[in-house]
Amino acid sequence: MAATMISRIFAPVRMAPRLASAASSNWATLQEKVQMKIDIKRDEAFIGGGEKRIKGQHKKGKLTARERISLLLDPGTFVEYDMFAEQNCTDFGMDDPKNKYPGDGVISGRGKVNGRPIFLYSQDFTVFGGSLSGAHARKICKIMDQAMLVGAPVIGLNDSGGARIHEGVDSLAGYSDIFLRNTLSSGVVPQISMIMGPCAGGAVYSPALTDFTFMVKDTSHMFITGPDVVKAVTNEDVTQEQLGGATTHTSTSGVAALAFENDVEALIGLRDFLNYLPLSNRDPAPIIQNDDSPDRLVPMLDTVVPHDSTKAYDMLEIVRSIVDAKQFFELMPTYAKNIIIGLARMDGRTVGIVGNQPKVASGCLDINASVKAARFVRFCDCFNIPIITFEDVPGFLPGTSQEYGGIIKHGAKLIYAYSEATVPKITVITRKAYGGAYCVMNSKHLRGDMNYAWPTAEVAVMGAKGAVSIIFRGADDATAAENDYIDKFANPFPAAVRGFVDDIIQPSTTRRKICQDLELLASKDQTIPSKKHGNIPL
């Protein structure tokens with residue numbers, strides 16, 4: 001009985017043929033209307049702020065947000081998120097339908113670069129100047145959250161006038177939400193910011209929290225306060241380019257790692273850069289095999305270091321001759337030029353390169369060089385990238401400007417970075433390794449795995465002349481004393497006999513030695529004491 005009643009209650013309703021036909025027709029009409037609305041909104045999303053503004057973007061030599069995505073990603077791999085998202089501000093006339101743009105000034109989603117997944121967002125300057133609203137921020141946060149979840153890099157293509165003033169504190173909350181995710185993602189997935197237009201006010205802190213910031217010459221600018229505010233407060237006359245252009249941030253402030261000539265070159269360079277990186281801290285860096293034998297000898301290295309220790313040579317020449325196919329992706333090449341950092345490959349494996357540059361300030365470490373190298377070492381350690389250090393350092397740069405600027409604290413950052421790093425660490429001393437700078441540059445005492453010296457290496461507290469002036473003060477024959485000191489200490493043997501260098505090698509065999517070591521150290525498993533986090537001397 002009960003079963004019969006239930007079957008009657010839930011029995012399908014039988015409509016008269018005409019009513020059924022009418023209902024079906026109405027349903028079809030409704031579906032057509034919905035589909036039409038979807039198509040219209042999609043068309044609106046694809047055109048952004050309209051043809052006029054797109055032409056304005058092109059006139060400035062800039063690509064649109066969608067054109068940038070198309071150029072960066074492998075064809076046909078982009079999956080867009082939240083295309084229909086719109087701002088919901090009701091103040092200052094923002095609730096007018098003409099102020100509703102699908103996507104709300106940012107295009108976000110995922111795709112592939114060279115067959116590997118990434119998440120990205122591209123700000124659309126044609127919609128409210130790319131300004132950040134609550135909806136805009138939520139779109140960015142969504143892809144950042146998913147990138148953390150699956151373990152994939154996050155790329156931000158920034159082209160924004162800053163916070164959307166109409167939304168007040170909502171836009172500030174949006175920035176804070178992004179900053180939090182930048183911080184939580186740090187060391188988990190690679191984060192790269194490409195500045196392709198304005199980036200002002202609070203907006204600058206998201207790129208500052210990412211691993212690397214790249215810029216485009218002439219069209220990108222970063223600053224906390226613009227030229228007008230600077231003029232009003234300090235009475236300084238300065239242009240946007242002088243205050244926060246690509247040259248300023250790659251050469252003077254060190255905020256940006258590289259500057260590219262235009263959008264196209266920037267995006268192609270970014271594709272190349274991503275090839276060196278792992279997807280996350282859970283993954284190894286990609287191995288790309290090539291025809292460059294790991295056993296290749298480099299004869300020119302046997303004569304590259306001058307006999308006169310006061311003469312300079314180019315450490316870049318050494319680095320390029322050793323790495324696979326002479327390809328070295330140098331970072332921050334115009335900032336703190338007395339030290340070199342960048343990515344390369346050895347026997348197909350991605351490696352991080354740090355090297356003193358004798359051509360600039362004799363390769364001395366100073367404040368900027370210490371900070372530049374320390375941050376790079378920590379990046380490599382975050383993402384399982386072995387670190388190879390080429391050392392020729394006469395010490396820390398002396399002077400009141402360095403002491404007043406805090407060289408003690410900033411130099412300690414490099415010590416901290418090398419000491420904390422647990423990835424494979426290999427050091428090659430090519431010539432000078434003097435004083436505290438010897439300790440800093442990944443010495444055996446900072447858990448260097450393999451430390452080599454060339455026959456031209458000098459491991460000592462200081463140079464011969466300085467040492468003699470202290471040890472033999474007032475001596476009648478200073479020249480003889482100096483020669484005696486050189487014989488005893490201005491060579492690699494004092495360090496070698498104590499085990500502070502593992503071997504004195506022929507320079508031409510350096511590539512082979514490093515490749516052999518990297519193969520062995522690929523299974524290295526080293527930890528640091530359990531702690532919440534260390535207190536690096538910031």
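**Briefing: the whole chain, then Lys 413**

The chain's accessible surface adds up to about 25700 Å², and carbon and sulfur atoms own 57% of that. Keep in mind that you're looking at a predicted model. Let's start with the chain as a whole, then zoom in on one residue, Lys 413.

**The overall picture**
- Picture a box of roughly 120 × 70 × 45 Å, taken along the principal axes: that's what the C-alpha atoms of the chain fill.
- Count up the secondary structure and you get 20 helices and 17 strands.
- The chain has 538 residues, and 49% of them are buried.
- Take the contacts in the chain with a separation of 6 or more: 72% of them link residues 24 or more positions apart.

**Charges across the chain**
- The chain carries 57 positive and 59 negative charges.
- Average the positions of each set, and the two mean positions sit 6 Å apart.

**Zooming in on Lys 413**
- You'll find Lys 413 in helix H15, which covers residues 407-420.
- Lys 413 is buried, yet it has no salt bridge.
- Asp 366 has the nearest side chain of opposite charge, and it's 12 Å away from Lys 413. A salt bridge needs the side-chain nitrogen within 4 Å of a carboxyl oxygen, so Asp 366 at 12 Å doesn't make one with Lys 413.
- The Lys 413 side chain does make a polar contact, at 3.0 Å, with the side chain of His 410.
- Skip the neighbours within four places in sequence, and Lys 413 is in contact with Val 371, Ala 374, Ile 536, Pro 537 and Leu 538.

Notes:
Residues numbered from 1 in each chain as written. Predicted model: local features only at pLDDT ≥ 70, side-chain atom pairs only at ≥ 80, totals over all residues. Heavy atoms only, no water. Helix = DSSP H or I, 4+ residues; strand = E, 2+ residues; numbered from the N terminus. Buried < 20%, exposed > 50% of the residue type's maximum accessible area, 1.4 Å probe, protein only. Lys, Arg positive; Asp, Glu negative; His and termini not counted. Polar contact = N/O pair within 3.5 Å; in protein donor to acceptor, adjacent residues only side chain to side chain. Contact = heavy atoms within 4.5 Å. Areas by Shrake-Rupley, 256 points an atom, 1.4 Å probe, with all protein chains shown as cover. Charge placed at Lys NZ, Arg CZ, Asp CG, Glu CD.
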